[in-house]
Amino acid sequence: MLTTHAAMATSTSSSSFPPPDPSSDADLLRLLLLFSHDLAAYAHQQQHASASSPSHLRVNPNFSSVPRNARQLALLFEELLREYDDSRLLPRSASLCFREILLVFHRLKILLHDRSARSRVAFLFRAERLADEIHGQVVDLVTFLEILPLGELRISEDVRDLVRLLRRQIRRSSPAVDPPSLALRRDVLELIASVEGGAVPDRSGMQGIFRRLGLADSRSCRMEIERMECDVADGAVDERWAVVMVALASILRYGSCVLFGASTPRSGSSSRDSKSPFSATEDLVVPDDFRCSISLELMRDPVVVATGQTYDRDSIARWITSGHATCPNSRQVLTHLELVPNLALKNLIARWCRDNNIPFDGSDTTSNNSTNNKMTVSADNGSAHAETNKAALEAARLTASFLVDELAAASSTDAAHRIVHELRLLAKHGSDNRAFVAEAGAIPLLLPLIESADAGLQVNAVTALLNLSILEANKRRIMHTDGAVDGIVHVLADGVSWQAKENAAATLLSLSTIHSYRRRLARHPRVVESLVQMARDGPTSSKKESMAAVLSLAGDRENTARLIEGGVVAVALEVAAEPEVAEEATAVLAAIARRGGVEAVAEANGAVPRLVGVLRRGSDWAKESAAAALVAVCRWSGATVVAELAAMPGIEWVIWELMGAGTERARRKAASLGRICRRWVATVEAERMSRYSAINVTPPTTVA
């Protein structure tokens with residue numbers, strides 16, 4: 001019979017480790033030997049942890065004694081395997097004891113695995129619970145060893161003595177938490193309280209805490225912070241400790257910069273930050289469908305607006321409450337302001353995050369009223385607790401101020417690169433951080449660096465500006481800083497790498513979400529030219545970014561003429577044939593046609609065949625935009641374009657299919673195209689009948 005401790009669920013991850021079920025005594029002994037070796041392997045992790053923090057994070061002696069005891073028990077199982085093969089059975093009572101011991105080993109393995117997978121801080125804050133859990137399993141283990149009938153087993157006297165010795169050692173197990181761990185936790189809480197009170201942490205005090213946590217350099221700090229964020233998002237700690245961990249993570253970032261300096265950028269770490277809101281996923285490419293086109297970040301609560309487009313709830317709510325009444329992507333007027341949760345997409349995002357080990361908050365919002373949605377920062381930092389966490393905010397403010405001061409005093413390109421990399425990462429995490437970095441004066445210091453010939457420094461600098469520009473107030477700061485637009489356009493046109501150019505285009509897109517800035521950017525003599533050149537010559541990702549920026553500029557009728565003069569129509573038709581860029585390209589054509597540029601679209605070479613090609617093979621949104629562009633062109637051009645459209649092979653079936661399976665807007669546009677084609681056919685037929693009537697000849701029968 002299992003004891004209360006043995007029946008206790010020891011880990012939320014236990015369901016991922018199904019208990020073993022051996023079919024024979026020999027299999028049972030093999031499994032026990034295997035589990036013994038697995039548990040003993042954790043001794044190496046304990047030794048590694050002890051090397052960096054000798055006594056402060058052991059929490060309970062059982063975490064180091066269990067692997068040692070398992071290694072000694074392996075000797076028992078090895079000897080038993082030599083005596084008991086498939087033809088010889090264990091004594092019944094011994095077999096039952098060993099089966100219970102196997103279950104205890106199973107639960108101990110889960111506990112030790114959970115310990116190794118979690119952050120050190122989570123281990124510290126769960127000290128009492130973890131100590132009690134592992135002590136309970138150790139008590140169960142010694143209980144079963146006590147009732148194990150050693151005299152009935154075919155083992156040597158030395159092994160019997162070993163088991164008896166283990167019994168005596170394990171009986172001394174205690175659930176008490178080691179005093180050094182409690183002292184460390186107390187000091188950590190005092191540090192957080194002092195920061196919350198507005199004090200700047202003492203350097204020597206931070207050094208002591210970092211040393212006791214085993215954080216010896218910026219790399220170990222970064223890894224610990226990433227694990228802490230995952231622990232909070234996964235619910236690995238109680239609510240009261242989650243708030244503390246969010247604050248401590250922010251303080252660790254500050255302390256890492258102060259004690260160890262800005263970290264060296266990882267290889268390939270200059271990719272767009274907005275593709276992922278978590279530093280742990282810095283190099284991971286988020287699918288475009290999972291990113292909000294307003295914030296450019298991974299959506300946490302996707303909602304559908306009246307036009308059928310999907311955005312993150314916080315982003316579209318800010319868009320609406322700032323006075324906009326149109327859809328950011330399609331530029332259509334929103335017939336209502338209800339935000340409908342896109343649960344299917346949310347489930348896909350959650351699954352993708354889980355598969356890639358990314359924390360996913362995704363908490364439901366109970367109200368669909370766009371003017372009353374709470375603006376949380378949970379999507380940015382992995383924890384809803386940061387919204388009211390004063391200590392975390394104060395630490396972030398200290399970090400921003402320290403890094404900006406260090407950047408101003410940087411004496412080399414390498415030093416500047418490391419600091420800009422840290423600023424970029426800080427600006428990646430939440431609106432408050434973006435405000436702190438900008439308020440500290442980072443923008444004027446970043447502008448000279450975006451023109452650097454060093455590829456890594458340039459990408460980090462322009463990406464930092466991109467991250468900062470997501471905040472509305474920072475858009476104004478950037479646009480009102482002398483030379484800011486010229487610097488961004490310089491990268492767009494002459495950037496050292498395509499990644500730098502893409503992030504420059506994304507920065508223009510971010511800035512152009514404000515109506516007045518959209519016009520100002522389009523008036524710049526090199527903006528449209530550089531975007532068009534990027535769409536022609538760049539890789540697929542660059543084409544997408546350039547077309548997205550052009551689409552934002554096309555949202556203002558005043559910019560239409562400049563876009564047409566710059567060759568936007570021709571290049572949009574050219575890249576519309578590429579499936580990965582078709583959505584943005586056709587949306588550009590539809591926007592230009594709707595805002596006074598329909599003649600340019602109609603007269604462009606190959607416009608109708610290429611748009612029909614998108615109707616056949618494009619995504620739902622691409623088909624919608626292509627249909628909208630064709631309707632505008634047909635209504636303006638009259639019979640010539642309609643005749644070309646009607647002559648396209650299978651066009652009736654394409655329109656019919658879109659009417660049945662397209663988006664709501666696409667179905668409306670397809671119906672309009674159908675009516676236009678039918679009216680044209682009727683007109684042509686009437687004219688033909690009239691010609692035959694005039695010469696008194698019966699016309700031949702036509703086949704529809």
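Let's start with helix 25, residues 540-553. It has 14 residues and reaches 20 Å from first C-alpha to last, close to the 20 Å expected at 1.5 Å a residue. Keep in mind that this is a predicted model.

How many of the residues of helix 25 are buried? The count is 12 of the 14, so the helix is largely enclosed by the rest of the structure. The buried ones are Ser-542, Lys-543, Lys-544, Glu-545, Ser-546, Met-547, Ala-548, Ala-549, Val-550, Leu-551, Ser-552 and Leu-553. Note that two lysines and a glutamate are among them.

What covers those buried residues? The cover includes helix 22 (498-511), helix 23 (515-523), helix 24 (527-537), helix 26 (560-565), helix 27 (568-575) and helix 28.

Take helix 22 from that set. Ala-504 is found in this helix. Its relative accessibility is 0%, so Ala-504 counts as buried. Beyond its neighbours within four places in sequence, Ala-504 is in contact with Val-462, Ile-488, Val-491 and Leu-492. Then there is Val-485: 19 residues from Ala-504 in sequence, and 10.0 Å from it in space, C-alpha to C-alpha.

Next, helix 27 against helix 28. Their axes come within 9 Å and cross at roughly 145 degrees. The crossing of helix 27 and helix 28 is left-handed. From helix 27 come Val-568, Val-569, Ala-572, Leu-573 and Val-575. They meet Ala-582, Ala-585, Val-588, Leu-589, Ile-592, Ala-600 and Val-601 in helix 28.

Now the cores. In soluble globular proteins, nonpolar side chains tend to be buried together. Here the largest nonpolar core has 113 residues. Which residues have the most contacts inside it? They are Met-547, Leu-645 and Leu-673. We have already met Met-547, as a buried residue of helix 25. Helix 28, residues 582-603, gives this core its largest share, 12 residues. A second, separate core has 43 residues, including Tyr-42, Val-138, Leu-148 and Leu-153.

Back to Leu-645 for a moment. Not counting residues up to four places away in sequence, Leu-645 touches Val-608, Val-612, Leu-630, Cys-634, Ile-651, Leu-673 and Cys-677. So Leu-673 turns up again, as a partner of Leu-645.

Another helix pair: helix 15, residues 390-409, and helix 17, residues 431-439. The axes come within 8 Å and cross at roughly 35 degrees. Left-handed or right-handed? The crossing of helix 15 and helix 17 is right-handed. On the helix 15 side we have Leu-393, Ala-396, Arg-397, Ala-400 and Val-404. Facing them in helix 17 are Asp-432, Asn-433, Phe-436, Val-437 and Glu-439.

On to helix 10, residues 218-234. This one has 17 residues and reaches 24 Å between its end C-alphas, close to the 24 Å expected at 1.5 Å a residue. Which residue caps the N-terminal end? Asp-217 does, with a side-chain oxygen 3.3 Å from the backbone nitrogen of Arg-219. After helix 10 comes Gly-235, with a positive phi near 70 degrees. The buried residues of helix 10 are Ser-218, Ser-220, Cys-221, Glu-224, Ile-225, Glu-226, Met-228, Glu-229, Cys-230, Asp-231 and Val-232. Glu-224, Glu-226, Glu-229 and Asp-231 are the acidic members of that list.

Last stop: Asn-69, in helix 3, residues 62-83. Asn-69 is buried, with a relative accessible area of 11%. Leaving aside neighbours within four places in sequence, Asn-69 is in contact with Leu-166, Gln-169 and Ile-170.

Methods:
Residues are numbered from 1 along each chain as its sequence is written. This is a predicted model: local features need pLDDT of at least 70, side-chain atom pairs count only at pLDDT 80 or more; totals for chains, interfaces and linings use all residues. Side-chain values use heavy atoms; hydrogens and water are left out. Helices (H or I, at least four residues) and strands (E, at least two) are DSSP runs, numbered from the N terminus. The expected span of a helix is 1.5 Å times one less than its number of residues. Buried means under 20% relative accessible area, exposed over 50%, partly exposed in between (1.4 Å probe, protein chains only). A polar contact is a pair of N or O atoms within 3.5 Å; within protein, one must be able to donate a hydrogen and the other to accept it, and residues adjacent in sequence count only if both atoms are side-chain atoms. A nonpolar core is a set of buried Ala, Val, Leu, Ile, Met, Phe, Trp, Tyr and Cys residues joined through side-chain atoms within 4.5 Å. Contact means heavy atoms within 4.5 Å. Axes are lines fitted to C-alpha atoms, for helices over the stretch in contact, and angles run from 0 to 180 degrees between N-to-C directions. A crossing is left-handed if the near helix is turned anticlockwise from the far one by less than a right angle, and right-handed if clockwise.
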